[in-house]
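Trainee: I've just opened this one and could use a tour. Can we go through it together?

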Amino acid sequence: MIAPPKPDLITVNVDGREIAVPKGTNMIEAARLAGVDVPHYCYHAKLTIAGNCRMCLVEMGLPAVDPATKAPITDAATGKQKINWVPRPAIACATNASPGLHIRTTSPLVKDCQQGVMEFLLINHPLDCPICDQAGECKLQEQSTGYGRGYSRYIERKNVKPKRTQLGPRVTLDDERCILCSRCVRFCKEIAKDDVLGFTDRGSASTLTCYPGKKLENNYSLNTVDICPVGALTSTDFRFKMRVWFLKKTPGIDPESSVGANTVIWSREGEIHRITPRRNDEVNDTWMSDSGRLLYREVRSPDRLVTMKLDGVAGGLDAAAASAAWLFRTGGVALVGSGRSSVEEQFVCARLAAFLGAPVFLPSRVGEGDKLLISADRNPNTRGALVTGLVPALPGPGLGDLAEAIDAGRIKTVVSVGEDLAAGLTAGQLAQISVVYVGTRRNATSDAARIVFPALTVFEKSGTFVNQQFRLQKFAAAVPGPAGTADDLVALTKMLAAAGGAALPAEINALWAVLAAEVSALATALYRNIPDTGLLLDRTPWAALPFVEGETLHFKP
Amino acid sequence: MIESLEGKRPYPRIKPPYFPAVLGLYQCPTIVNNVETLCHVKHIADMGGEAYSRIGTPNNTGTRILCVSGQVQRPGYYEFEVGKVTLGQLLNDVCGGPLPGRKFKAVIPGGSSAKVLKFGERYKGKRKAGAEMVDYDWSLEDVPMDFDSLALIGSMGGSGGVIVMDDSVSMVDALANINAFYSHESCGQCTPCREGSQWMQRITTRMVHGEARPEDGALLKSVADQIAGRTICAFGEACAWPTQSFVQKFPDEFKSYAETKKNDPDARAFELV
C-alpha cells in the first residue's frame, strides 16, 4: 500500500486549545479536529461553500505582528503573542485556517449570534415536529436544543408556502419547513450535474422549487433528502412510515455495481424501512444512487423462494444436500458462480468446484456507467471471484460454453448460485440437465431445478465484496431471512460435505480463518478486523486484466 | 449585478474576496460604479486630480449631491462642495426651513438606511482636523455635511439622501414604512436579514394597525441587534440601523404608541410602500 502524502500541518487555537490541522482546513473542520462542534446548516463537507445560514459564526483572531517589521507583538500581561480579535463574527465554513489562527466558539458574542440565528430560523418554521419525518434526525431540533434560547418571542403570523410538492417521482417537498440553506440546489448542480432546483421569489418568501418543466428525477435525487438538514425534502417512499429512532442501523454495501457504495440499512423488527448512504471518502463520499435504495424491496418480494425443493417434494436442508451429492456422483457437473455472491460464498464455490472437478462459469453483467456511483460492471463482486480463485480470468457474457458442453453431453448437472440459467440456456437445454439452484427468487431455473436451496438476500447475510478499487468491504445482516431460507454459505458447505469434500465452517468468522490462511490476497484480513471504510487489497496480480469500468467518483481505470 | 451577468441568481457574494476590482465578473477585475462616481470622474479628468482635490474639505474632497426630501419648504437636489455646508444651513437656508407652523424633529442624513438624527441633540468630543485633534461641540444644525463628521456623530453620509421629518410625524409610522421597504428588498440569501427584516416589518406593521404593545420597541431593537454585523452583505446593517436608531432615540414614542394611537381620532392604518 502506498502511504498518502502527508498534508502540511499548521497550528490553530480553538477555544484555547492548540491543535495541528492540515493547511486549507476550514474552521468548522479545524474545530471538529479539536473536538469542538461548530453548529451549521448550509455547510456540507462535499459541497461548495454557501455561507448563507450564518449558524457557524465564530470569533476569529490572528497573531499580532508589527506592520513595519513583521515582528510578533507580545502581550505584556500574558507574555504570549498578542491576538488581534476581529470585531465582527466570521462564518467558520468560509474561513480557512491559517497559521496561528485563534477561534472562539463559546464566547458571549458567539452564543448571542447562535441564539439569534436559531430564533430567526424558527420564526417561520411550522414547528410540526410531531408529524415530521425528520424528527429525531433534524438539525433544527438538535441545534435549537443545543444553541437556541428555548422560548419564542414571535407573535406575528408565519409565512405560508406550498406543502407536499412532488419535486419528482421520489422526493416530496414541504416549503414551509425549508430553511433555504441551498444544500440540495448545490448537490444537484455540483454532484448530480442535473441543475433542476432553485429558489423563486425573494426575501423570506423565497421558495425552493424545480425549474419550470423540469423534475427532480435523476438517479441521485434522494441524496437531497439525506443532506436536507430539516424536514423539507422527504423521501416519498419513507414518508410517514416509521420514526427514525425506532430503527436499527446496519452497515451495508450497495450491490448494484462494482462501485460498492457504503450504505446504512435501517430496520425494525426484521423489516427494512430505508437505505441511506454511509460516508466513505474513498468510495462514495456521502452519496448513493436512488436505485440502490429501493433494492430492499426484494426482501419481501412475492416471488421469494422460501421452500426447500427436493425433486418437487419439500424436504430438509440435509436431505437436499444429500440429494445434490447423489446427483454429483454421476459426474459431469458444472458450477455457475455469481459476481453477486460474497467473497466467502465464492470461496466455498471454488472449493466445491475444485472437489467435483467441475468447470466454473460466471456470467458477466455489463451496463453503462453513470460516471458517478454506478459503474459499467453491474456485478458487485467480480474481483472477489478473481481473488478467491473461483475464475482465473474476467468472465465473459452469457453461458455459451456451458450450452455447448450440455449439447455435447459432457455436462449433466449444473449447480447455479443465484444465477438464472435461462439467461444463457434454452428451455430444451435446461430440461436436459439436473439443476441444483441456490437462490432467493423464483425464476425459470428454480422452476426447472430438481433441488432448490432458498437462500438469503444481501440484506440478510454477512459477508464481503471486493469493489472496483480492489477494496474489500464488509456488510452485515440487517434482518433475518424469512422462515424456510438458509444462508447460502450453509447450503454450499453442506453440499460440499455431503459430496465428501473437506468440511468448511459456515460461520463467517470461522470461515475467514480458512480464507486468510488459503487466499494469499486476503492473508492479512479477518472479517471482524476489516475497517468500516474497507481494506485495499494488492491488485498487481490482476492489473493487466481488461476491466470494463470507466471513470466514476474516486475511481480511475 | 455581476452574478446576474454570469447567469446566476443575483445574490451578494461571500467575502473575501472583498472587491470586484480584485475578483469580479468571471473572477476577473471588474469596476462597478454608480452614476454619481462617474459624474465625478468627468470633472477629475477635466481639472486634473490635484485641482479637483482642492474642492471640498481635507479628507472629504469633491462635491456631493444632496437629495433633500420630506417636510421642508423646498425639497430637491443640491450639489455642494463636501463639508462646506452644515445641516442647519442646508435645511433652513437652502431648503427654506420647516413647513409653516411646524418644527423639525428628526433627519436621516444619508438615505433611509443611515441612522436617524434627532433635533435638539448635542454632539461633543475630539475630532481630527488635519494632523491635530480639536474639540467640537455641535448642535445637529452645526454638523457639516461631510463623510467624517456624519460618521463622528453616529450616522453616515451614505447616499446623500436627506430625509426630513417634522413634529407632525410619528416615528413609529416612519419606521413602519422603512421596515416595509427593507423587508421587501431583502434578497433572502442569509438568515438574519431574510427573517429579521421581515420580523421587524411585521412588528411595526402590527403596531400601526392598532395592535402595539409597550414592549415592542425593546423587541425591535433586540431583533435588529441580531442582524447587524452577521450577514453576508451590508444590507444587514442597512435594515437594522433604522430600527436601532429610531428605537434608541425615540423610545417613549414606541412605548406610548398604543395610547397615542387610541387617542388620535384621525388614526387609521395606512398603506405602506
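**Cores and contacts**

Mentor: Sure, starting with the core: of the 123 residues in the largest nonpolar core, A:Met27, A:Cys56, A:Val58, A:Ala92, B:Val107 and B:Val164 touch the most other members. This is a predicted model, where local features need pLDDT of at least 70, side-chain atom pairs count only at pLDDT 80 or more, and totals for chains, interfaces and linings use all residues. Residues are numbered from 1 along each chain as its sequence is written, with chains lettered from A and ligands numbered from 1 in the order in which they are written.

Trainee: Which helix gives the largest share of this core?

Mentor: A nonpolar core is a set of buried Ala, Val, Leu, Ile, Met, Phe, Trp, Tyr and Cys residues joined through C-beta atoms within 7 Å; buried means 20 or more other C-beta atoms within 10 Å of a residue's own, with C-beta atoms placed from the backbone. Helices are DSSP runs (H or I, at least four residues), numbered from the N terminus. With eight residues, the largest share comes from α6(B).

Trainee: How many residues of chain B are in contact with chain A?

Mentor: Contact means C-beta atoms, placed from the backbone, within 7 Å. On the chain A side, 26 residues take part. The largest share of chain B's side, ten residues, comes from α7(B). The chain B count is 25.

Trainee: Why is α7(B) called roughly antiparallel to α8(B)?

Mentor: Their axes (lines fitted to C-alpha atoms over the stretch in contact, with angles from 0 to 180 degrees between N-to-C directions) come within 9 Å and cross at roughly 165°. Angles over 145 degrees count as roughly antiparallel, so the pair is roughly antiparallel.

How values were computed:
Helices (H or I, at least four residues) and strands (E, at least two) are DSSP runs, numbered from the N terminus. Angles under 35 degrees count as roughly parallel, over 145 as roughly antiparallel, 65 to 115 as roughly perpendicular and the rest as oblique. Two residues are in contact if their C-beta atoms, placed from the backbone, lie within 7 Å. A residue is buried if 20 or more other C-beta atoms lie within 10 Å of its own, exposed if 12 or fewer, and partly exposed in between; C-beta atoms are placed from the backbone.
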